Amino acid sequence: QVQLVETGGGLVRPGGSLRLSCAASGNIFEINGMSWYRQAPGLQRELIADITRDGSTRYAESVKGRFTISRGNSKMTVHLQMNSLKPEDTGVYYCSAEIVERTVGYERDYWGQGTQVTVSS
């Protein structure tokens with residue numbers, strides 16, 4: 001069974017920083033792309049950053065220059081460094097990964113449970 005677990009959310013003042021982490025575990029053969037999504041209150045979930053297995057990254061315009069996505073050396077973890085946070089960055093942040101399980105043999109998308117980020121003074 002594959003699990004993605006996010007950590008690092010919390011309450012921060014505008015202009016502050018947070019670092020989110022997501023760790024994959026289970027009977028994993030390979031992880032390809034990993035992503036961070038955000039769902040603000042009353043809005044749809046949106047992609048804010050993703051990273052391929054070889055390290056190529058993309059960002060939503062709203063977070064470019066402020067957020068940095070990275071992967072751990074083992075490729076089993078993904079991080080999101082969030083700087084210069086704004087109130088509009090508030091939401092639940094979800095990790096997603098394209099994972100090939102050893103017993104399945106093909107790629108499927110998996111999601112974490114989400115972690116709350118609140119930016120408020």
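Where does Lys 75 lie? In this predicted model, Lys 75 is found in the loop between E7 and E8. The overall architecture is described before that loop is taken up again.

The protein chain contains 11 strands and 0 helices. Its order along the sequence is β-β-β-β-β-β-β-β-β-β-β. The radius of gyration is 14 Å, close to the 14 Å that the globule rule gives for 121 residues, so the chain is as compact as a globular protein of that length. Along the principal axes, the C-alpha atoms occupy a box of roughly 50 × 25 × 20 Å. Of the 121 residues, 43% are buried. Contacts were also examined by sequence separation. Among those with a separation of 6 or more, 56% join residues 24 or more positions apart.

The accessible surface amounts to about 6400 Å². Carbon and sulfur atoms contribute 47% of that surface. The charged side chains comprise 13 positive and 12 negative groups. The centres of these two sets are 5 Å apart.

Strand E4 spans residues 28-39. It pairs with strand E9, residues 91-101, in the antiparallel sense. This pairing comprises 9 bridges. Within it, Ile 31 is placed opposite Ile 99 of E9. E4 also runs antiparallel to strand E5, residues 46-51, and 5 bridges join the two. Tyr 37 has Leu 47 of E5 as its bridge partner. E4 and E5 make a hairpin, with 6 residues between the strands. In the turn, Gly 42 has a positive phi of about 80°.

Ser 35 belongs to E4. Its relative accessible area is 12%, under the 20% limit, so Ser 35 is buried. Beyond its neighbours within four places in sequence, Ser 35 contacts Leu 47, Ala 49 and Asp 50. Tyr 94, Cys 95 and Ser 96 are also in contact with Ser 35.

The segment preceding E4 was considered next. Gly 26 sits in the loop between strand E3 (18-25) and E4. It is partly exposed, at 48% relative accessibility. Gly 26 and Gln 3 are 23 residues apart along the chain, and their C-alpha atoms are separated by 6.3 Å. Gly 26 also touches Gln 1 and Val 2, when residues up to four places away in sequence are left out.

A second hairpin is built from E7 and E8. Strand E7 covers residues 67-71. Its covered face carries Phe 67, Ile 69 and Arg 71. Thr 68 and Ser 70 form the uncovered face. E7 and strand E8, residues 77-82, run antiparallel and are joined by 5 bridges. Phe 67 of the covered face has Met 82 of E8 as its bridge partner. The hairpin has 5 residues between its strands, and Lys 75 is in the turn.

Backbone angles in the loops were then inspected. Most residues other than glycine have a negative phi. Lys 75 has a positive phi, near 65°, and is not a glycine. The relative accessible area of Lys 75 is 29%, which means that this residue is partly exposed. Ser 84 likewise is a residue other than glycine with a positive phi, near 50°. Ser 84 is located in the loop between E8 and E9. With a relative accessible area of 41%, Ser 84 is partly exposed.

Beyond E9, the chain enters the loop that leads to strand E10 (107-111), and Thr 103 is found there. Thr 103 has a relative accessible area of 65%, over the 50% limit, so this residue is exposed. Thr 103 and Ile 28 are 75 residues apart in sequence. Their C-alpha atoms are 8.6 Å apart in space.

Terms used
Residues numbered from 1 in each chain as written. Predicted model: local features only at pLDDT ≥ 70, side-chain atom pairs only at ≥ 80, totals over all residues. Heavy atoms only, no water. Helix = DSSP H or I, 4+ residues; strand = E, 2+ residues; numbered from the N terminus. Rg over C-alpha atoms; globule rule 2.2 N^0.38 Å. Buried < 20%, exposed > 50% of the residue type's maximum accessible area, 1.4 Å probe, protein only. Contact = heavy atoms within 4.5 Å. Areas by Shrake-Rupley, 256 points an atom, 1.4 Å probe, with all protein chains shown as cover. Lys, Arg positive; Asp, Glu negative; His and termini not counted. Charge placed at Lys NZ, Arg CZ, Asp CG, Glu CD. Pairing = 2+ DSSP bridges.
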